[in-house]
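Hi everyone, thanks for coming. Let me put the sequence and the structure up on the screen so that we can look together.

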Amino acid sequence: MTRGKFITLEGLDGAGKSTHLVWLVETLRARGKSVIQTREPGGTPLGEKLRALLLADPMHLETEALLMFAARREHLAQVIEPALARGDWVVCDRFTDASFAYQGGGRGLPAAKLEILESWVQGSLQPDMTLMFDVPVETAYGRVTGMGRELDRFEQEKADFFQRVRQAYLSRAAASGGRMRIIDASRPIDQIKKTLEEIIATI
Ligand code: TYD
């Protein structure tokens with residue numbers, strides 16, 4: 001049995017990640033792949049309870065990081081690892097790069113602490129490919145605040161928080177050895193799809 005591929009999507013809130021995720025899953029299925037679509041924080045019944053706490057309840061930044069990784073541990077054990085082992089592809093809306101970007105860059109938790117959690121929870125497992133949808137903070141910010149719904153605890157942060165998140169994503173991408181692909185998501189949607197098609201043809 002060939003192991004499935006693990007693809008994660010990242011980007012600022014409002015970068016358009018959700019639209020591209022739907023398209024990516026449909027495209028892979030149309031190519032005959034068996035695809036599990038999931039998300040973080042969340043992806044399991046326990047993980048979704050932790051997500052509700054994480055998005056709503058104020059907490060110490062280390063508690064926040066620990067709960068993100070607790071949800072991730074459960075997600076890996078219950079969903080991601082079994083799916084990959086049986087040959088399914090897993091497309092996950094956010095994963096550990098988001099912890100380095102938001103808890104690390106945004107909140108200022110030292111990367112060394114996140115690296116300990118990363119190797120504890122994942123061992124050597126990394127996504128096969130990470131698509132990072134990159135837009136200027138002003139674009140993402142305008143989209144999120146224009147949505148007309150109540151904002152969660154992260155979306156309520158200020159522009160300088162998201163500047164740090166974006167920078168952390170970009171530096172993690174630079175150090176990722178090609179795993180993370182930065183996609184200029186400020187372009188028209190058909191151009192973004194063309195780029196995505198070229199990228200997924202390579203895996
Ligand atoms: P998001 O995918 O943006 O949810 P939605 O599209 O429903 O708003 O994810 C929720 C938030 O969780 C997002 O603001 C980023 C944050 N997050 C972290 O801070 N650290 C993490 O490790 C993960 C996975 C997400």
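I'll talk about one helix, and then about two spots in the loops.

First, some housekeeping: this is a predicted model, where local features need pLDDT of at least 70, side-chain atom pairs count only at pLDDT 80 or more, and totals for chains, interfaces and linings use all residues. Residues are numbered from 1 along each chain as its sequence is written, and side-chain values use heavy atoms, with hydrogens and water left out.

Helices (H or I, at least four residues) and strands (E, at least two) are DSSP runs, numbered from the N terminus. Please find helix H5, residues 111-122. Which residues of H5 are buried, meaning under 20% relative accessible area with a 1.4 Å probe, protein chains only? They are Leu114, Leu117, Glu118, Val121 and Gln122. These residues cover an arc of only 105 degrees around the axis (taken from the directions from the helix axis to the C-beta atoms), which puts them on the same side of H5. As a reminder, an α-helix has 3.6 residues a turn, so residues three or four places apart point the same way.

And what do the buried residues pack against? Helix H3 (61-85), helix H4 (96-106) and helix H7 (159-174), with contact meaning heavy atoms within 4.5 Å. On the other side of H5, Ile116 and Trp120 are exposed, that is, over 50%. Right after H5 comes Gly123, with a positive phi near 60 degrees.

Now the loops. Between strand E2 (35-39) and helix H2 (45-56) sits Pro41, and the peptide bond leading to Pro41 from Glu40 is cis, with omega near -10 degrees.

Finally, look at Arg94, in the loop between strand E3 (89-93) and H4. Arg94 is not a glycine, yet its phi is positive, about 75 degrees. Arg94 counts as buried, at 11% relative accessibility.

Notes. Expected span 1.5 Å × (residues − 1).
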